Amino acid sequence: HMAGDPTFIAIQQGVLRITLRDGQFHDFSAGSSFIAADSLPKHISFDKQKHGHKASVIGDEMLKAIHVKLNNFSTT
């Protein structure tokens, strides 16, 4: 899938693995945070063989995370 709108993610419990199409991955655990911001221009159709990432819960601990969509975010 794709993140679509930029999304701030903060992991509170468990381990979330984000795997890219080329096989590279990063594990995020409690205390980690990141902004997922992969998206496509409107004129390109999503192809699951080429675009996006996979998110998986690693281990037996339940994942608890905060997701905040940033598409309309403003600091003013």
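**Strand pairing and the nonpolar core**

Residue F28 touches I11, G14, V15, L16, I18 and F34, when residues up to four places away in sequence are not counted. The structure described here is a predicted model, and the contacts of F28 serve as the starting point for an account of its core. The largest nonpolar core comprises 7 residues, namely I9, I11, L16, I18, F28, F34 and A36. At least two residues of this core come from each of β1 (7–13), β2 (15–20) and β4 (33–36). In soluble globular proteins, nonpolar side chains tend to be buried together.

Within this core, F28 and F34 are both buried. The count of aromatic pairs in the model comes to 1. The ring centres of F28 and F34 lie 4.0 Å apart with their planes at 25°, and the pair is therefore classed as stacked, planes under 30 degrees apart being counted in that class. A further arrangement involving a ring is found at F25, where R17 lies over the face of the ring at 4.0 Å from its centre.

The strand pairings place several of these residues in context. Strands of a sheet pair through backbone hydrogen bonds, either parallel or antiparallel. Strand β2 pairs in the antiparallel sense with β3 (residues 25–29) over 5 bridges, and I18, a member of the core, has H26 in β3 as its bridge partner. The hairpin formed by β2 and β3 has 4 residues between the strands, and in this hairpin G23 takes a positive phi near 95°. Strand β2 also pairs in the antiparallel sense with β5 (residues 53–58), over 6 bridges; here R17, the residue that lies over the face of F25, stands opposite S56 in β5.

An open sheet of 3 strands is also present, with the order β4-β1-β6 and antiparallel pairing. Because β4 and β6 (64–69) stand at the edges and each has a single partner strand, one side of each is left without a neighbour in the sheet. On average, neighbouring strands of this sheet are turned by 25° against each other, direction ignored. The antiparallel pairing of β1 with β6 extends over 6 bridges, and I11 stands opposite A65 in β6. Residue I11 belongs to the largest nonpolar core and is also one of the residues touched by F28, while β4, at an edge of the open sheet, is among the strands that supply at least two residues of that core.

Definitions and conventions. Residues numbered from 1 in each chain as written. Predicted model: local features only at pLDDT ≥ 70, side-chain atom pairs only at ≥ 80, totals over all residues. Heavy atoms only, no water. Core = buried A, V, L, I, M, F, W, Y, C linked by side-chain atoms within 4.5 Å. Buried < 20%, exposed > 50% of the residue type's maximum accessible area, 1.4 Å probe, protein only. Contact = heavy atoms within 4.5 Å. Pairing = 2+ DSSP bridges. Phe/Tyr/Trp six-rings, centres within 6.5 Å; stacked < 30°, edge-to-face > 60°. Lys NZ or Arg CZ within 6 Å of the ring centre and 35° of its normal. Axes fitted to C-alpha atoms, helices over the stretch in contact; angles between N-to-C directions.
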